[in-house]
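Could you walk me through this model in a viewer, one selection at a time? I would like to know what to pick next and what I should find there.

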Amino acid sequence: SSSKMTVDLDSGTGIAVIRFHSPPVNSLSLDFLTEFASNMEKLELDKGCRGVVLTSALPKIFSAGLDITEMYGKSPEHCREFWKAVQEMWLKLYGSSMVTMAAINGSSPAGGCLMALSCDYRIMADNPRYSIGLNETQLGIVAPFWFKETMVNTVGHRVTELSLQLGLMYIAPDALKSGLVDQLVAEEMVVTTAMETLAKWFAVPDHARQITKSMMRKPTVDKLLSSREVDINNFVTFITKDSIQKSLKMYMESLRKKKA
Ligand code: CO8
């Protein structure tokens, strides 16, 4: 399968920019997730890379989240493999010792929001047509504990509870107010602002920042590491239920109808 993203590492600045390019909506397919984890692993091992910017090469969309077609009508074995790749993506990103910035230049529902929340800092295009949030309940599915904790660790318990129960999507100005993103800038400035912000983060001694980051995030990471199999089993049992498959089907049809 062809590449779903480009990686540009500038050895002068120590910044890598990963640009998602998986039309039409940068959905997180098994191929996408595998390629992403592999890129993160390479950059993590590269002494010349200190920071990563995640952004989209497609107009209007950062990422549509998990690829629903990987969860609909698939065998339990496929669902296992897919979920393991989702876990791997998150472990590599949330646990990265590099400084990570989400340059959110489009909508970012569900798994797309998780990716952004897993970075150290979020800069979003100041465009009220773009929204971000963990909307899982709207699809009749449930965000797992590590999605939930990633959000709690960013915006606190109350905002997370409201957002998750209602499956709220926040338009850019509201995402800023709720703390889901840290900064709004003009669309064409999103990536350059992320790079400028990285330069500021680089001024902090790496070892001190890395230990601090780990102190903040390790409890959540360790919780998944010690329960990966249980988490996979939970996902497979849940997603392969007839009622859940029916919900996913209805949701996919509603996406199509919206267009017709
Ligand atoms: N997966 C697969 N295909 C998708 C997805 C997706 N997540 N999102 C959109 N598509 C498809 C559409 O069906 C459409 O296909 P087609 O052209 O064949 O009809 C095509 O991509 C283009 O979509 P739109 O016409 O809707 O494009 P727009 O530019 O109008 O809108 C959006 C883009 C805003 C991204 C919109 O497509 C959207 O809202 N998509 C749904 C996003 C979503 O709800 N994702 C949730 C996925 S679930 C998840 O990430 C976490 C699950 C946690 C696990 C739960 C444990 C049980």
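A residue counts as buried when its relative accessible area is under 20%, and as exposed when that value is over 50%. Keep those cut-offs at hand for the stops below, and remember throughout that this is a predicted model.

**Stop 1: Asp231**

Select Asp231, which sits in helix H9, residues 228–239. Is Asp231 buried or exposed? Its relative accessibility is 6%, under the 20% limit, so Asp231 is buried. Now show what surrounds the residue. Leaving out residues up to four places away in sequence, Asp231 touches Trp83, Gln87, Pro144, Phe145, Trp146 and Leu224. Draw a distance to one of these, Trp146: the two C-alpha atoms are 9.7 Å apart, although 85 residues separate Asp231 from Trp146 in sequence.

**Stop 2: H2 against H9**

Next, add helix H2 (residues 76–94) to the H9 selection. The axes of H2 and H9 are 9 Å apart and the packing angle is about 130°. The two helices are therefore oblique to each other, and their crossing is right-handed. To light up the contact, pick Pro76, Cys79, Arg80, Phe82, Trp83, Lys84, Gln87, Glu88 and Leu91 on H2, then Arg228, Glu229, Asp231, Ile232, Asn233, Phe235, Val236 and Ile239 on H9. Colour them by class and you will find nine nonpolar, two polar and six charged residues. Asp231 from the previous stop is one of the H9 residues in this contact.

**Stop 3: H2 against H8**

Keep H2 on screen and bring in helix H8, residues 206–225. Here the axes come within 10 Å and cross at roughly 165°. That makes H2 roughly antiparallel to H8, and the crossing is left-handed. On the H2 side, select Gln87, Trp90, Leu91, Leu93 and Tyr94; on the H8 side, select Lys213, Arg217, Thr220, Val221, Leu224 and Leu225. By class, this contact holds seven nonpolar, two polar and two charged residues.

**Stop 4: H2 against H1**

Now swap H8 for helix H1, which spans residues 30–45. How do the axes of H1 and H2 cross, and at roughly what angle? They come within 9 Å and cross at roughly 30°, so H1 and H2 are roughly parallel to each other. This crossing is left-handed. H1 contributes Leu30, Leu33, Phe36, Ala37, Met40, Glu41 and Glu44 to the contact, while H2 contributes His78, Glu81, Phe82, Ala85, Val86, Glu88, Met89, Lys92 and Leu93. Sorted by class, the contact has ten nonpolar residues, one polar and five charged.

**Stop 5: the core**

Time to look inside. In soluble globular proteins, nonpolar side chains tend to be buried together. The largest nonpolar core in this model has 78 residues, and those with the most contacts inside it are Ile18, Phe20, Phe36, Leu54, Trp90 and Ile132. H2 gives the most to this core, with ten residues. Centre on Phe36: beyond its neighbours within four places in sequence, Phe36 is in contact with Met5, Ile18, Phe20, Leu54, Met89, Leu93 and Met115.

From there, move to Thr55 in strand S3, residues 51–56. Thr55 counts as buried, at 1% relative accessibility. Setting aside neighbours within four places in sequence, Thr55 is in contact with Val17, Ile18, Arg19, Phe20, Phe62, Ala103, Asn105 and Val191.

**Stop 6: backbone details**

Finish with the main chain. Most residues other than glycine have a negative phi, and most peptide bonds are trans.

- Select Pro23 and Pro24: the peptide bond joining them is cis, with omega at about 5°. Pro24 is in the loop between strand S2 (15–20) and H1.
- Go to Lys60, in the loop between S3 and H2. The phi of Lys60 is positive, near 75°, and the residue is exposed, with a relative accessible area of 56%.
- End at Ala110, in the loop between strand S5 (108–109) and helix H3 (111–117). Ala110 also has a positive phi, near 50°, but this residue counts as buried at 13% relative accessibility.

Conventions:
Residues numbered from 1 in each chain as written. Predicted model: local features only at pLDDT ≥ 70, side-chain atom pairs only at ≥ 80, totals over all residues. Heavy atoms only, no water. Axes fitted to C-alpha atoms, helices over the stretch in contact; angles between N-to-C directions. Helix = DSSP H or I, 4+ residues; strand = E, 2+ residues; numbered from the N terminus. Parallel < 35°, antiparallel > 145°, perpendicular 65-115°, else oblique. Left-handed = near helix turned anticlockwise from the far one by under 90°. Contact = heavy atoms within 4.5 Å. Nonpolar A, V, L, I, M, F, W, Y, C, P; charged D, E, K, R; others polar. Buried < 20%, exposed > 50% of the residue type's maximum accessible area, 1.4 Å probe, protein only. Core = buried A, V, L, I, M, F, W, Y, C linked by side-chain atoms within 4.5 Å.
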